[in-house]
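The report below describes a single protein chain, beginning with its aromatic side chains and moving outward to the fold as a whole. Please keep the sequence and the 3D view at hand while reading.

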Amino acid sequence: MKTRSPKPLLTGLMWAQQGTTPGTPKLRHTCEQGDGVGPYGWEFHDGLSFGRQHIQDGALKLTTEFVKRPGGQHGGDWSWRVTVEPQASVQGIQPPSMAATMSSGPPTQDCPC
């Protein structure tokens, strides 16, 4: 995720559902049409300072929220919250393994975001 600001904070989320299928769990870090994730998308955002998105991945509903509070010497403070909710129809689901990524550096060849 990247804001439209001139010096954006880049954030990302990776998750893997444990115990759903035999073998190695699938590590996800994007939502693409046809990859079995969905529906997904932004509920609301302004592109600069706040937003909320939902991602449905099988029996899990992930919600990410961010807000920027203006001020300070570097343009403001960021808060980011990730909520994972198992769907009521599924019993005994295990929480996913998760990792958050953040960068305030310039885009690179690997990530031209």
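One aromatic cluster is formed by Trp42, Phe66 and Trp78, in a model that is predicted. The chain has three aromatic pairs. In one of them, the ring centres of Trp42 and Phe66 lie 6.1 Å apart with their planes at 85°, so this pair is edge-to-face. It links distant parts of the chain, since Trp42 belongs to strand β3 (residues 40-45) and Phe66 to strand β5, 24 residues apart. Another pair, Phe44 with Phe50, is tilted, with 6.2 Å from centre to centre and 45° between the planes.

How buried or exposed are the residues of these two pairs? The table gives the relative accessible area of each.

| Residue | Relative accessible area | Class |
|---|---|---|
| Trp42 | 36% | partly exposed |
| Phe66 | 9% | buried |
| Phe44 | 37% | partly exposed |
| Phe50 | 32% | partly exposed |

Phe66 counts as buried because its 9% falls under the 20% cut-off, whereas Trp42, at 36%, is partly exposed.

Strand β5 also holds Glu65, which is buried as well, because its relative accessible area of 14% is under 20%. The side chain of Glu65 is joined to that of Arg52 by a polar contact of 2.9 Å. Beyond its neighbours within four places in sequence, Glu65 is in contact with Gly51, Arg52, Ser79, Trp80 and Arg81.

The largest nonpolar core consists of six residues, namely Leu13, Trp15, Val37, Ile55, Leu60 and Leu62, and strands β1 (10-16) and β5 (60-69) each supply at least two of them. In soluble globular proteins, nonpolar side chains tend to be buried together. Within this core, Leu13 can be followed further: leaving aside neighbours within four places in sequence, its contacts include Leu62, Trp80, Val82 and Met98, together with Arg28 and His29.

As for the chain as a whole, it has seven strands and zero helices. Of its 113 residues, 25% count as buried, and the chain exposes about 7,800 Å², of which carbon and sulfur atoms supply 54%. Among contacts between residues at least 6 apart in sequence, 42% join residues at least 24 apart.

Confidence should be kept in view when reading these details. The mean pLDDT of the chain is 80, with 78% of its residues reaching 70 or more; confidence is lowest in strand β7 (residues 97-103), at a mean of 85, and highest in strand β4 (residues 50-57), at 92.

Technical notes
Residues numbered from 1 in each chain as written. Heavy atoms only, no water. Helix = DSSP H or I, 4+ residues; strand = E, 2+ residues; numbered from the N terminus. Buried < 20%, exposed > 50% of the residue type's maximum accessible area, 1.4 Å probe, protein only. Contact = heavy atoms within 4.5 Å. Areas by Shrake-Rupley, 256 points an atom, 1.4 Å probe, with all protein chains shown as cover. Core = buried A, V, L, I, M, F, W, Y, C linked by side-chain atoms within 4.5 Å. Polar contact = N/O pair within 3.5 Å; in protein donor to acceptor, adjacent residues only side chain to side chain. pLDDT = per-residue confidence, 0-100. Phe/Tyr/Trp six-rings, centres within 6.5 Å; stacked < 30°, edge-to-face > 60°.
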